[in-house]
Every structure is written in structure tokens, then in C-alpha cells.
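Hi there,

Here is the structure I promised to pass on to you. Have a look at it first, and then read my notes below.

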Amino acid sequence: MSEQYRASGVDIEKGYEAVKRMKSHVKRTFRPEVMSELGGFGGLFDLSQAKKLSHPVLVSGTDGVGTKLLLAQQAQQLDTIGIDCVAMCVNDVLAQGAEPLLFLDYLAVGANDPQAIESIVAGVADGCKQAGAALVGGETAEMPDLYTVDEFDLAGFCVGLVDRDQLLSPDRVQVGDHLIGLPSNGIHSNGYSLVRKILFKDHELAFDDELPSGELLIDALLEPTRIYVEAVLPLIQAGLIHSAAHITGGGFYENVPRMLGEYLQAELDLSAVAVPEIFSVIAELGNISSDEMYHVFNMGIGMVLAVPAEHVADVLAKTDGAYDLGVVHQQDEQGPTVVLKGMK
């Protein structure tokens, strides 16, 4: 069957096997609202729950994993990269105040390896389980003329739901709000082009080199991005948060101002934050200043929440390892800004 298509580099039979391997992983992410099985032309999701909201709003987000994929490919550790893909999408949707409902993935490969594809999609399913989102569909495209045999790309798309009154917005932030930081567990999925240059091009380190703590370098680099839904969604639903920022590309300097209104300034004291070891290694080997590190990386904080002063104690009690980093101030100049103190 399909001998000429196979000769062109596309193996339909292996594609069928890959889909068969995916099904059990996809199934374990299903929520009661899912109305379709894997294999249809589109994923069906019952939105009747939206009737319970006074003004339902859909929030969507899409993202990829960036060049962290290259390290996963080279190390042949494919089982967690899917978590990164989900995290990058659902954390953005969460920062708007929405509960992630459904997720779709897009996987482009140079050659159809059913076992490798299963590992990748299993990671996507793991991320969806953490986020409470149903993996309702996706696409696996075999494109031998765009990718080599061992190359692939992975991207995702998420849809969330929130009542308009619970939307997180810069307009809700007030002078005196506290800025609560939720810890990251590593680099997450941003800045890997710089990481790869410093560690592997400039210094020719090996994946099995050890950090000062004894952790393998590749394990630190492939630590999957933390998903904040379980920690933050109950706070949103309880009305304890005004706004949020997902600390991704651009670090603190780009992302924190996005959660603030005009004429507001965030002043953060980061001296108490436990910075993951990998950042110190990157900064030292690359001779990178603290200021630039906080322009590029999350430096131990994956999400920042703007919390009214009267709710700070409650939020800190309900979030494991959170930091009270500072407060929001009024400023004379137009446009939101951030001031960082205690950078390491």
C-alpha cells in the first residue's frame, strides 16, 4: 500500500500506528465535556457549562517550545517536551484568569517514528492532566523535505473559559497591591538559543557533565516548565487576584509591565528568591550581567500575581513557596515600569 508515497519519504502505515499509540494517552486527559474520540476531523467540546457564567469569555493561546526542542532531540529524551508545550500555552491563558478547557497539538516530523511520537504525545497528555485541559485533537505531519529524520517541531493551542467579571487585567491593579512571585523550577522554555551558545558552542560542555550539586546538565536543561493552573486557578475563582504575568521571553523587564496599568510601577525585591543553580552556571560561563539575566530568564520566578493587600496572607498560605516581592506604586511618567532590587 502507498508504495510511491513511501518512496517519497512519507509512511502512511507508520502514521496509523502512531495514532493508535496516542489514543490511550489522549483518552486520559478527557473531561466530561469532550464529545469526540481521537480521529475525527475536529474535536468536539460541550460548552453548556458557559451558561452558568453571567458573561462567558473564551481565552485562547498558542505557543511552541523553541530551541529547547533541539536539546531533547539530541539527548533523545522526548517524554517531557510535551509538558513544556502545554505549559507555555496554559500559563498564558491562566494569566488572563481563564480555566484551560481544551488543548490541541501540532507535531511536524522528518520521519514517522511511532515510538518517538508516542513519547512526545504522552508528554503533552501529562501536561494536559496537570492543567486540567482535555487533549481533544491535533495533527502529526510527516515532512521529509523540511526536516531531517531526527528533527521535529512541536506547537500547541489552548482555549480557556472565564466569566468576564473574573478576567485578570492591568486595569484592575491598584496602588498598594502586593506582587507575589511563584517559584519556577528552572529555565522553563525561554532563552535556549543563548543557553545552547554558551554551554555547547562556546564551552563545549557535554550532556552528562555535572553541575556543582551533582545534577546532570541535561537533566537541569530539560526540566519541564512548571504549570501553575492547580495553584492559581482557585485564587482567581476566589477573587483574590487582580492581575498576573507569566515570566517567559523577556524576563521581568518585559513581562511584569504587561500586568500593570498606566502610571504604575512595580518595585520588586528579589533578594530572597532561590535562583535555580543552572542560572548561576550560565551567568558565570557566559560572563552575563545580572541585569541581562533578568532581561532574558525567569531567574526563579515563573509567575507574578498582583494581590490586594488584604488578601496577601491568604494567597501566601495557599501557594507553596511563594514570595511577597514588593508592591505597586504610582509614578508620574506614562506607561508601566518595573524596578528590580536584590538581583543575583
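Let me begin with the lining of the largest pocket: its residues divide into 16 nonpolar, nine polar and five charged. Please keep in mind that this is a predicted model.

The largest pocket holds about 640 Å³ of space. It is lined by 30 residues, and G15, V19, G138, E139 and T140 are the closest to its centre. Where does the lining come from? Helix 2 (12–27), strand 2 (99–109), helix 5 (114–131) and strand 3 (134–142) each give at least two residues to it. Strand 3 supplies the largest share, with eight residues.

Next, try finding helix 3, which covers residues 68–75. Which of its residues are buried? They are K68, L69, L71, A72 and Q73. These buried residues pack against four elements that you can pick out on your screen: helix 4 (81–94), strand 4 (152–163), helix 6 (192–202) and helix 7 (217–221). Right after helix 3 comes Q76, which has a positive phi, near 55 degrees.

Finally, look for T248, in the loop between strand 6 (243–246) and helix 9 (251–255). Is T248 buried or exposed? Its relative accessible area is 11%, and buried means under 20%, so T248 counts as buried. Leaving aside residues up to four places away in sequence, T248 touches M88, N190, N255 and V296. One of these partners, N255, belongs to the stretch of helix 9 (251–255).

Enjoy exploring, and write back with any questions!

Best wishes

Terms used:
Residues numbered from 1 in each chain as written. Predicted model: local features only at pLDDT ≥ 70, side-chain atom pairs only at ≥ 80, totals over all residues. Heavy atoms only, no water. Buried < 20%, exposed > 50% of the residue type's maximum accessible area, 1.4 Å probe, protein only. Contact = heavy atoms within 4.5 Å. 1 Å grid on protein atoms, 1.4 Å probe; cavity = no way out; pocket = protein on both sides within 12 Å on 5 of 7 lines; lining within 4 Å. Points joined across faces, edges and corners; volume = space filled by probe spheres on them. Nonpolar A, V, L, I, M, F, W, Y, C, P; charged D, E, K, R; others polar.
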